[in-house]
Amino acid sequence: MKHILITGGCGFVGSHLAVDLAARGYRVTVLDNLSRPGSEILLKKRILPHGIRFVRGDVRDPEDLAGLKSTFSLMIECSAEPSVLAGTRGKDARHLLDVNLQGAINCFEWARERRVPVIFLSTSRVYPYDRLNACRYRETPARFELRKGCAGVSMRGVSVEMSLQGTRSLYGASKLCGELILREYAAQYDLPAIINRCGVIAGPWQLGKIDQGVFTFWLSRHYFKKPLKYIGFGGTGKQVRDLLHVQDLAALVAKQVGGLLADKPVFRGEIFNAGGSTGVNLSLRETTAICAELTGNSLKIGSVKENRPADVIWYVTDNGRTEKFFEWKPQRLARNILEDTFQWLKDNEADFKKLFV
Ligand SMILES: NC(=O)c1ccc[n+]([C@@H]2O[C@H](COP(=O)([O-])OP(=O)(O)OC[C@H]3O[C@@H](n4cnc5c(N)ncnc54)[C@H](O)[C@@H]3O)[C@@H](O)[C@H]2O)c1
């Protein structure tokens with residue numbers, strides 16, 4: 001049986017991939033240092049009941065990776081400090097860089113030594129926000145809409161061809177460095193690898209907070225009747241993001257796993273966008289309307305006109321290349337994603353209330 005290692009496997013994405021791949025008949029081990037608040041609940045409620053092996057370990061320490069005694073066929077690197085606000089407002093970025101960059105390098109080294117193919121979870125945050133914000137937008141009553149794109153940005157969304165010249169946040173920069181290093185490993189060591197640049201991923205078991213997991217955060221604030229503010233771009237909540245159901249991501253990754261485990265895998269660090277795209281996106285105002293309807297709670301939402309560091313006015317993924325390569329498309333609509341998340345929150349309120357309130 002093929003054995004897959006998922007680093008950061010007790011996090012939102014990693015745990016979903018672990019459960020999905022285990023259900024497809026793979027043997028799965030997750031390595032996680034349980035640093036994300038709530039990851040220990042995902043370990044207890046998701047990982048262990050599915051017969052997935054857990055190893056407590058830190059990707060920053062090569063010895064923890066070297067200590068994994070089994071033989072593996074593939075690694076999925078999902079460990080991260082995923083906050084776009086980490087290292088902003090004068091705060092120290094060392095932790096972010098240690099985890100996202102040094103940690104990723106340790107993972108790639110481990111994979112190189114064993115000739116194990118790698119799937120790396122990167123982010124749409126590699127695309128520079130100053131370039132995205134410089135495109136032309138028009139304002140409708142509910143959202144900002146793209147009026148005129150720029151190189152790599154069209155009505156189909158942001159493509160992998162978008163120029164990477166610009167500023168993207170330390171989080172985005174740390175992931176871009178990881179991408180570049182993995183591509184070099186793929187080229188220099190002939191290491192099979194795939195890079196996924198993910199837009200906002202959402203769905204059940206996401207422990208959304210103000211700086212990461214915005215749709216779950218927004219829903220949870222409605223659910224628990226906690227204050228919310230529209231921040232940035234005039235404070236009217238018209239900024240737009242696409243969202244991808246984590247199960248749709250899992251379906252894509254399963255196809256990629258199949259490709260990398262094939263006899264002669266062709267991938268050598270190719271980059272694929274993965275996001276909700278033109279069919280699945282929402283402004284914050286639109287999200288508010290759905291959250292109010294689902295929870296029955298209408299909040300009075302505050303307003304802050306000024307942007308936070310690295311804020312993006314509009315991000316919609318152009319999945320074109322990914323769709324062609326993998327014959328894959330997001331299946332769940334924005335409302336379905338929020339409905340699923342609402343149902344999960346209702347069913348698991350007691351376990352997660354402390355984290356959200
Ligand atoms: N969730 C999203 O919307 C989104 C969007 C784009 C990209 N991504 C990427 O997907 C990956 C997973 O994100 P997520 O949303 O599941 O985040 P998450 O915070 O839920 O999961 C990350 C996991 O990594 C673990 N971890 C952190 N530091 C570690 C270390 N030093 N050693 C071992 N484990 C460590 C945490 O405990 C946590 O369980 C990340 O690489 C992130 O950059 C996520």
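How do the residues of the shell around the ligand divide into nonpolar, polar and charged? Hi everyone, let's start there. The split is 14 nonpolar, 12 polar and five charged. Please keep in mind that we are looking at a predicted model.

So, who is in that shell? The ligand is surrounded by 31 residues, and the closest of them are Val13, Asp32, Asp58, Tyr171 and Lys175. Two of those names come back when we turn to polar contacts. In the side chain of Asp32, an N or O atom sits 2.7 Å from an oxygen atom of the ligand. Lys175 also uses its side chain: an N or O atom there is 2.7 Å from a ligand oxygen. Asn33 takes part through its backbone, where a polar atom lies 3.3 Å from a nitrogen atom of the ligand.

How much of the ligand does the protein cover? On its own, the ligand has 830 Å² of accessible area, and the protein covers 96% of that.

Now for the secondary structure. The elements that each supply two or more residues to the shell are α1 (12-23), β5 (118-123), α6 (170-188) and β11 (200-202). Of these, β5 gives the most, with three residues.

Before I stop, let me take you to another residue, Thr287. You'll find Thr287 in helix α9, which spans residues 284-295. Is Thr287 buried or exposed? Its relative accessible area is 0%, so Thr287 counts as buried, the cut-off being under 20%. Leaving aside residues up to four places away in sequence, Thr287 touches Phe215, Trp218, Leu282 and Leu338.

Thanks, everyone, and I'm happy to take questions!

Technical notes:
Residues are numbered from 1 along each chain as its sequence is written. This is a predicted model: local features need pLDDT of at least 70, side-chain atom pairs count only at pLDDT 80 or more; totals for chains, interfaces and linings use all residues. Side-chain values use heavy atoms; hydrogens and water are left out. Helices (H or I, at least four residues) and strands (E, at least two) are DSSP runs, numbered from the N terminus. Buried means under 20% relative accessible area, exposed over 50%, partly exposed in between (1.4 Å probe, protein chains only). Contact means heavy atoms within 4.5 Å. A residue is near a molecule or strand if one of its heavy atoms lies within 4 Å of it. A polar contact is a pair of N or O atoms within 3.5 Å; within protein, one must be able to donate a hydrogen and the other to accept it, and residues adjacent in sequence count only if both atoms are side-chain atoms. Accessible areas come from the Shrake-Rupley method with a 1.4 Å probe; for residues, only the protein chains shown count as cover. Ala, Val, Leu, Ile, Met, Phe, Trp, Tyr, Cys and Pro count as nonpolar, Asp, Glu, Lys and Arg as charged, and the others, Gly among them, as polar.
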